[in-house]
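Trainee: I should like to take a close look at the charged pairs in this model, with some attention to the surroundings of one residue in a helix. Please treat the matter in one connected account.

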Amino acid sequence: MDKNTPSSKQELSPPRLTILLVSAMALSYEILLMRLFSIVQYHHFAYMVISLALLGYGASGTFLVFCRQQLLNRFPLVLIGNILLFAITVVVCYLGGQHLLFNPDEIFWNNRQWLKLFALYLLLALPFFFAANCIALAFSRFRQKISAIYAADLFGAGLGSIFTIGLLFILFPQKLLLLLGSIIFVIAMVAWLELRLQPRWQALFFIGGAAVLFLLPSAWTDLAISPYKGLSQQIRINGSRVTEEKTSPLALLTVVESNLVPFRYAPGLSLAAESEPPAQVGIFTDGDSMNVITRFQDDISRLTYLDKLTSALPYHLSQAKDILILGAGTGSEILQALYFKSASITAVELNPQVVQLVRSRPEFSGNLYDQENVRVHIGEARSFVSGSRKNFDLILLPMLDSFSSAGAGLYSLHENYLYTVEALQDYMQHLAPAGYLSMSRWIKLPPRDTLKLFATALEALARLGTEDSGNHLVMIRSWQSASLLVKKSHFSPEEINRVKEFCQQRLFDLVYYPGMQQQEANRFNIMRQPYLYDGAVRLLGKGAERFKQRYKFNIKSSTDDRPYFSHFFKWRTLPEILRLKGKGGMVLLESGYLILVLTLFQAIAASLLLILLPVIVRPYVTVSEAGWNRPRIVAYFFAIGLGFLFLEIAYIQKFILYLGHPLYAAAAVLAIFLVFAGMGSQYGQAKQIRIKWPVAIILGLGIADLIAVNHLLAAFNWLPVPMKIFCTILLLGPLAFTMGMPFPLALTEVGTDAPDLIPWAWAVNGCASVIGAVLATLLAIHFGFTAVVLAALTLYGLAAAIFPGRYKLKGGRNAAG
């Protein structure tokens with residue numbers, strides 16, 4: 001016997017702690033990749049991260065189809081070897097991926113970016129391949145205890161997602177990457193000890209590997225932020241320097257100062273403005289989306305530029321005493337409200353570190369957040385509004401996106417719950433009888449954002465029972481931005497005269513007011529045609545739905561079920577855009593959406609290869625496999641793989657609104673799904689439950705959630721975050737518990753007398769999950785989360801109906817199905 005091989009008695013105990021820790025690190029890495037993508041690119045790409053992780057798991061199953069027995073013969077050393085490879089590739093593959101220099105901005109005109117995307121997809125899947133080998137080998141080695149191992153796997157995954165969120169409060173993402181690699185080295189030591197390999201002291205060598213990662217030069221691990229993001233552009237300007245950075249799961253905040261070329265940031269500033277902003281300090285969120293801290297001393301009356309912004313319009317219509325600012329950021333809108341002598345200013349900001357940065361510069365910012373009439377609330381905007389019993393004279397939604405990124409369609413996949421129909425309804429219900437809702441957006445040509453915002457406001461007014469919605473709206477624009485005002489009551493003739501006077505004095509253009517004529521539009525910042533006015537009139541007319549249907553971009557209202565406000569792409573417009581490829585037309589495409597589609601294609605290609613490869617290369621059927629109907633095995637594991645991921649992705653996206661941030665939603669929903677699914681796995685095996693019962697419960701709970709979950713989330717959106725997490729557990733825990741049963745119950749039954757099919761079933765399920773993670777997001781964009789959930793429930797119902805009945809060699813029917 002090999003001296004590193006445990007005795008046969010010791011071999012009977014599965015390494016549950018090792019599997020739990022490996023799975024925890026795999027999910028930690030998955031969550032960390034989402035955070036890293038948010039910083040170096042423009043989106044968290046959660047769908048792609050989940051898909052590539054599952055690609056690694058599916059590839060592992062296919063690999064083990066060919067090598068399972070050889071690897072099982074040396075299970076302990078193979079397990080530790082895969083853990084070590086997992087540790088190394090976690091760091092090396094990400095750093096290598098940065099050197100690919102993938103840029104979504106270039107994907108329309110540089111075909112090499114397509115290959116880089118595919119290479120990045122495969123490269124980042126590699127660590128998950130080695131992690132999955134550990135789990136799948138444990139399944140095969142201890143197939144009579146699959147549910148116990150599956151429970152450890154899922155429970156560890158749930159803990160891992162929470163682990164990363166906690167560490168992101170104290171570690172920068174690139175440092176956390178090294179820490180994860182080091183921890184995985186230590187897990188190899190845990191495996192050595194848990195498997196009782198000899199000599200035991202050799203386990204200490206793995207600690208040395210963990211230490212080596214922290215000796216890497218910092219230049220190797222610096223984040224390669226896209227050269228097209230605002231921070232990268234700013235740093236190229238002479239005199240710009242980074243003076244401070246703060247990190248959290250919410251954002252990486254970078255403070256930039258420039259002595260040679262000062263910041264002059266004032267969105268919507270009139271070309272007729274006679275003064276400019278004073279000295280400013282730039283703050284970039286995840287390398288983009290710049291806000292500024294403006295120098296503010298005692299005499300605010302000197303900041304006359306604040307009166308030359310489109311956002312100043314509501315202050316000229318009435319004296320707004322109580323003001324609510326949703327997304328206060330670095331305080332530019334607070335400064336404007338102070339300039340107009342507002343009596344009470346309520347500022348809501350999600351990220352407390354932004355407020356800390358402003359407060360840490362009292363001599364520069366003038367203690368903006370600590371003024372007597374300013375009250376700051378840290379939290380998500382919709383949650384604050386839902387929980388507030390106060391009505392406001394003015395509710396402000398400032399521009400939160402960067403102009404360049406918004407113009408390039410890089411936010412097309414962002415789940416934005418601030419501009420949905422339900423959100424605008426909530427805002428309007430918290431207005432005083434004569435109150436205003438003011439929203440500002442960048443202008444794109446051809447018009448998209450502004451018309452979609454106008455359409456969303458119209459639908460919100462209609463849902464509130466307003467019959468003459470056009471009398472409640474006013475829109476104006478500068479050369480680069482537009483501001484929409486929605487009034488709870490009608491705009492009076494006096495107010496309309498003030499709007500005209502305001503625009504005339506500042507050379508702003510009227511876009512729409514009740515009774516406006518076409519010749520009044522497009523006078524100062526001249527477009528080829530009065531596109532915005534014409535669009536607003538068409539949206540107010542009887543043929544509004546036909547206009548939205550025939551318009552070349554998607555300007556239909558976004559809702560909480562489809563919160564993709566910045567998604568404007570229509571497939572029928574694609575040929576026309578492609579014909580303009582050499583004439584600047586490619587900027588009309590949305591790179592974020594295109595990456596989603598490309599990822600789906602590459603996921604399908606990889607998955608088909610992983611599913612078909614075992615069938616093509618191993619066409620024969622062993623004696624143990626011959627008793628099973630293989631097509632039904634494929635259909636069953638494929639259906640529950642798609643169904644599980646459809647539900648998981650749908651609820652991650654739905655709960656972004658409730659939990660306040662995509663990373664929080666991903667971590668919480670993944671943790672709940674995986675931990676409770678692990679508990680369900682254990683329970684199902686212990687009770688020897690037949691598959692049809694958990695599927696029936698999944699269908700019942702899924703339908704109940706469809707009916708009740710939106711109402712419950714809206715009713716309890718005002719709760720503090722800890723209570724929200726508790727409610728999330730109550731809502732999703734029972735469903736996840738039952739979802740943990742169908743896979744291990746079927747896998748155990750297959751493994752009892754067809755062990756060679758275990759890796760094969762694992763691969764099929766994993767490949768379905770690879771496709772499901774991307775496909776669910778694509779379906780949600782076009783049809784909404786409700787449709788994705790219904791599709792998932794349908795797949796579970798089909799899986800129960802086609803559960804693979806086992807046929808004996810002579811053709812007899814087994815009762816397993």
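Which residue forms a salt bridge with Glu495, and how far apart are the closest N and O atoms?

Mentor: The model is a predicted one, and the distances below should be read with that in mind. The partner of Glu495 is Lys487, and the closest N and O atoms of this salt bridge are 2.7 Å apart. Both residues of the pair, Glu495 and Lys487, are buried. Elsewhere, salt bridges with shared partners link Glu244, Lys246 and Arg361 into one network.

The count of salt bridges comes to 18. One of them joins Arg241 to Glu257, with 3.3 Å between the closest N and O atoms. Arg241 belongs to strand 1 (residues 240-247) and Glu257 to strand 2 (residues 252-258), so this salt bridge ties together parts that are 16 residues apart in sequence. As to accessibility, Arg241 is partly exposed because its relative accessibility of 36% falls between the limits of 20% and 50%. Glu257 has a relative accessible area of 22%, and therefore it also counts as partly exposed.

A further salt bridge is set within a single helix. Arg463 pairs with Glu459, the closest N and O atoms being 2.9 Å apart. Helix 18 (residues 449-463) holds both Arg463 and Glu459, and the two are 4 residues apart, about one turn of the helix. Arg463 is partly exposed, at 42% relative accessibility. Glu459 is likewise partly exposed, with a relative accessible area of 25%.

The residue in a helix that remains to be described is Phe646, which is placed in helix 24 (residues 630-659). Its relative accessible area is 4%, and because buried means under 20%, Phe646 is classed as buried. When neighbours within four places in sequence are left aside, the contacts of Phe646 are Gly772, Leu775, Ala776, Leu779, Val788, Ala791, Ala792 and Leu795. Within that list, Ala792 illustrates how sequence and space can diverge: Phe646 and Ala792 are 146 residues apart in sequence, yet their C-alpha atoms are 5.6 Å apart in space.

To return to the pair with which the request began, Glu495 and Lys487 are both buried, whereas Arg241 is partly exposed and Arg463 is partly exposed.

How values were computed. Residues numbered from 1 in each chain as written. Predicted model: local features only at pLDDT ≥ 70, side-chain atom pairs only at ≥ 80, totals over all residues. Heavy atoms only, no water. Buried < 20%, exposed > 50% of the residue type's maximum accessible area, 1.4 Å probe, protein only. Contact = heavy atoms within 4.5 Å. Salt bridge = Lys/Arg side-chain N within 4 Å of Asp/Glu carboxyl O.
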